[in-house]
Number of protein chains: 2
Amino acid sequence: MNEITIAKIEELKEYLKKIEYLGSSISLLHWDSLVYMPKEAIEYRSEMIGYLTGESYKLTTSAEMKEFIDYFNGIDDLDQLTKAMIENIEKDYNLATKIPEAEYVQFEIDKALSQSAWEEAKSKNDFSIFKPHLAKMIATNKKFSEYWGFINKYDGLLDIYEPGMTTERLDGLFGELKGFIVDLLQRIKNSNMKTSDTFLKGNYSVESQRKLGEAILGQIGYDYERKGRIDVSEHPFTTNFGNKDVRITTKYEPSDFRPAIFSLIHEGGHGIYEQNIPNELEGTSLASGASMGMHESQSRFYENILGKSLAFWRYFYPEFQQTYKELERVDLISFYKAINCVEPSLIRIDADELTYSLHIIIRYEMEKLLINSDIDIDDVPKLWNEKYKEYLGVEPQNDAEGILQDVHWSGGDFGYFPTYALGNLYGSQIFNKLKEEIPDWNQKINSGDFSSITKWLNENVHQYGSIFKPAELIKKITGEELSAKYFIEYLNDKFGQIYDC
Amino acid sequence: MNEITIAKIEELKEYLKKIEYLGSSISLLHWDSLVYMPKEAIEYRSEMIGYLTGESYKLTTSAEMKEFIDYFNGIDDLDQLTKAMIENIEKDYNLATKIPEAEYVQFEIDKALSQSAWEEAKSKNDFSIFKPHLAKMIATNKKFSEYWGFINKYDGLLDIYEPGMTTERLDGLFGELKGFIVDLLQRIKNSNMKTSDTFLKGNYSVESQRKLGEAILGQIGYDYERKGRIDVSEHPFTTNFGNKDVRITTKYEPSDFRPAIFSLIHEGGHGIYEQNIPNELEGTSLASGASMGMHESQSRFYENILGKSLAFWRYFYPEFQQTYKELERVDLISFYKAINCVEPSLIRIDADELTYSLHIIIRYEMEKLLINSDIDIDDVPKLWNEKYKEYLGVEPQNDAEGILQDVHWSGGDFGYFPTYALGNLYGSQIFNKLKEEIPDWNQKINSGDFSSITKWLNENVHQYGSIFKPAELIKKITGEELSAKYFIEYLNDKFGQIYDC
């Protein structure tokens, strides 16, 4: 690269920083609205967010941005980081500019109406209220994907959240996984080993849960003081404004410490990822996780692979037993089995580690149908219920616990759900590699030493931000393409042992 | 106004809303940085604030803004609100555009350096570290005031915070007030009545203080749930993003409930003002208090005139006595005298109600000298100390408790201090009128009924936002020009009674 190109890169980075500042401001406004904002401020807050989002859109789609893209597309010898940067901003540019502005604006309006219709429909348990809005969300997504040039329309939506992922690829991965889980569930059902978790219910003060949660997060490497926070919100989430201000939330339930503790570990995994994105990526548009699926790989690794392992609780359980009299007479193995109790159920966010992926696969199959076929919207709730019956053996009694349970579609988000299950695949494939390179990982966790594991993830995953596409990154880390094999092996070992089947 | 003008007003309001959204976003970023932000995020946060401030500056000084101003200056039959709106945006336009851009940018840089030099100087108790920065802050303020066209340079600075206020007018008001307070202090010194507040020290849990503070704020009319918040920060302050999201902060000291309780009532007064600015003023640039002094009149009215009155504590004291065993054997009158104990001291923010204004008058006299005369910067600390000796009878032992105690000058803020004492004058003059119109105000407070008082302030002060200049507003409310008379009478009655002098 010659001097002019190098100077031009600096210029572009200054430009991208503005978009980052706006994005971080929007994220703070949003975080605040979910965590601390007084109720009556909601309308004004939406106006503030709307204004800043519009400004960010202008910068993302400006003539200046187009000039940058054209200039760099004419340079042959770009380094890898710059190449990734240009590809990324060009993608954002295209996503926005290929849609006629009037349709983009109309979609924003429709989404707001759709979301409030969904809220009403769910509370009244009446799909018909949401139906026309769902139809509109589907139609708009189809049209947008066409604008973006995708022949397989669902591929266009997948690509937003998981760059490069395709329906064909997912069919293979999820097909294999589905077959295995359905089969394992049958084995568990037939097994003589019965487990339960009802004895974990008790009376756990918020303060004690907070203290235990903080202790765990500190130990696994989430900095919740100098570079992060922990707060409370209705639904747990993670957000960040740069790599030195990462914020996770949870919700405490006095009758059960599991929702708070496991959501903290989950969000902590996201948080550790963002806190370890290197400073040098600021202003490159690459200063975040490689994809939603890769992000989810980190949260699920900490939450499930580590956080629901025997080794993990061998270290942390004594402190829980000291804190909670309810656990005094529960031995470690019983506790371990209880937190890993498999129980097919209707609600995704309450699912256990094994059945969770089936909830996702059902949504994936539904989305494919909704986007790529001309299914009658009236048939959708029934189809949902049939899939639950077939894969999980449970049947929703109403639409609120069926088709209406998740917020995603009401906000026009199709193609997002698969990333939750992809996280499981990435996570266990990465874990397989980590075990090779840190053979005594188990002993380390036994003794509460997470530093080498988190350091390994820093070096192999976090430090790259989104320089690499997820498919490239998983190959770089593990030497192989993404496969369902490692997750299947992991599930088979773990639940085969627990259920002796 | 013809149809075109009316349409143009709507257009201008849409434009001004953008500036408000940016301003509100900046305020939230700032609030968050003082209340919840992780420490290491400070640098990135400054960059975010810097970027949004620059965008706001661009909108305030744009060619489009100039066109609006020129257009409306050519219309004869503007209504009062539009006239005030145009005057206000023209003032902001001139304040910014009359300074050469390079000098404006340089001032921002100099301020940051000056503030950190001040911090170092204060912690090392060494004025020489801060001296060159103070000299630069003074020189820049002088120059800016000249750019703005002021012959009396200090008038130009006063006008930023207290529109229309002049040095000549303040000389009169503060001269009268100073003479009276110095004299009353002498009478108190000679009086046989000795009071003390040392017996109020104790052990007061943060939680109990928070609960009592919330109870008081709810009662006086600050909505801290649906339209506001209460948080903790190093120094108490109030901020708001629109009229439905007002946030006050305080700091709890376990050894003394007074700092938290009285700062909460003080900030609550600011908060009540902002919560009662009418919705209609959104987008007019007039949706905030009439001036810093008028704002301070509300905070000081609630904090001192109400909050340190006998009637107020006749209502609230029983709950304090029930909460704190330390107060069990302290009768109401002793408590009332303790919270009104007069004790000349060195530190402004710790001053009692009577001596507080002298701290301000000293700063006012110093600022006049610094801005309007060519005083040698080396003489400044000595001059400060002499004034403390002369007016308050106390002498700083070092610069940290003398010239270096306040942050204001290090940030280039000259002309701000007087508004603190002006608040006392406005507040007592307004109170005098309120007493005429609500003759049983005292009985109402006795019984915890603040609603008619707060409603009276809503109708007479808050609802106007900054449609009127403070001089117009005080006349509109009380029928008279601002005078020192009412504050002097109030102080004379109150402290004359307490000290029997």
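Visitor: Welcome me in with one residue: is H270(A) buried or exposed?
Guide: Happy to, and keep in mind that this is a predicted model. The relative accessibility of H270(A) is 9%, and a residue needs to be under 20% to pass as buried. With that cut-off, H270(A) counts as buried.

Visitor: Which residues does H270(A) touch, not counting residues up to four places away in sequence?
Guide: H270(A) sits in helix 10 of chain A. Once residues up to four places away are set aside, its contacts are T238(A), H295(A), E296(A) and S299(A).

Visitor: Which residues does the UniProt annotation "binding site" cover?
Guide: The annotation comes from an unreviewed UniProt entry. One of its residues, H266(A), is found in helix 10, residues 258–275, and H270(A) has its place in helix 10 too. The full set in that record is H266(A), H270(A) and E296(A).

Visitor: Why can we say that they gather at one spot?
Guide: In sequence, these residues span 31 residues. In space, the picture is tied together by their C-alpha atoms, so they gather at one spot: no two are more than 8.7 Å apart.

Visitor: Which side chain does H266(A) join in a polar contact of 3.3 Å?
Guide: H266(A) counts as buried at 10% relative accessibility. Leaving aside neighbours within four places in sequence, H266(A) is in contact with E296(A), S299(A), R300(A) and E303(A). The polar contact of 3.3 Å is with the side chain of S299(A).

Visitor: Where does UniProt place the feature "active site"?
Guide: This feature also comes from an unreviewed entry. The residue lies in helix 10 of chain A and is buried, with a relative accessible area of 7%. UniProt places the feature at E267(A).

Visitor: What is the length of the polar contact between the side chains of E267(A) and T238(A)?
Guide: Beyond its neighbours within four places in sequence, E267(A) is in contact with P236(A), F237(A), T238(A), I248(A) and T249(A). T238(A) is also touched by H270(A). The polar contact joining the side chains of E267(A) and T238(A) is 2.6 Å.

Visitor: How many of the nine residues of helix 7 are buried?
Guide: Helix 7 covers residues 153–161 of chain A. Its buried residues are Y154(A), D155(A), G156(A), L157(A), L158(A), D159(A) and Y161(A). The helix is therefore largely enclosed by the rest of the structure, and the count of buried residues is seven.

Visitor: What covers the buried residues of helix 7?
Guide: At the start of helix 7, a side-chain oxygen of N152(A) reaches to within 3.1 Å of the backbone nitrogen of Y154(A). The cover over the buried residues includes helix 4, helix 6, helix 8, helix 11, helix 14 and helix 16 of chain A.

Visitor: With which side chain does T82(A) make a polar contact?
Guide: T82(A) has its place in helix 4 and counts as buried at 3% relative accessibility. Leaving aside neighbours within four places in sequence, T82(A) is in contact with I9(A) and F72(A). The polar contact, at 2.3 Å, is with the side chain of D79(A).

Visitor: Stepping back, what is the radius of gyration of chain A?
Guide: Chain A has 20 helices and three strands, and buried residues make up 55% of its 501 residues. The globule rule gives 23 Å for 501 residues, and chain A comes close to that, so it is as compact as a globular protein of that length. Its radius of gyration is 23 Å.

Key:
Residues are numbered from 1 along each chain as its sequence is written. Chains are lettered from A and ligands numbered from 1 in the order in which they are written. This is a predicted model: local features need pLDDT of at least 70, side-chain atom pairs count only at pLDDT 80 or more; totals for chains, interfaces and linings use all residues. Side-chain values use heavy atoms; hydrogens and water are left out. UniProt positions are given in the numbering used here, feature names are shortened, and annotations may be inferred rather than shown by experiment. Helices (H or I, at least four residues) and strands (E, at least two) are DSSP runs, numbered from the N terminus. Buried means under 20% relative accessible area, exposed over 50%, partly exposed in between (1.4 Å probe, protein chains only). Contact means heavy atoms within 4.5 Å. A polar contact is a pair of N or O atoms within 3.5 Å; within protein, one must be able to donate a hydrogen and the other to accept it, and residues adjacent in sequence count only if both atoms are side-chain atoms. The radius of gyration is taken over C-alpha atoms; the globule rule is 2.2 Å times the number of residues to the power 0.38.
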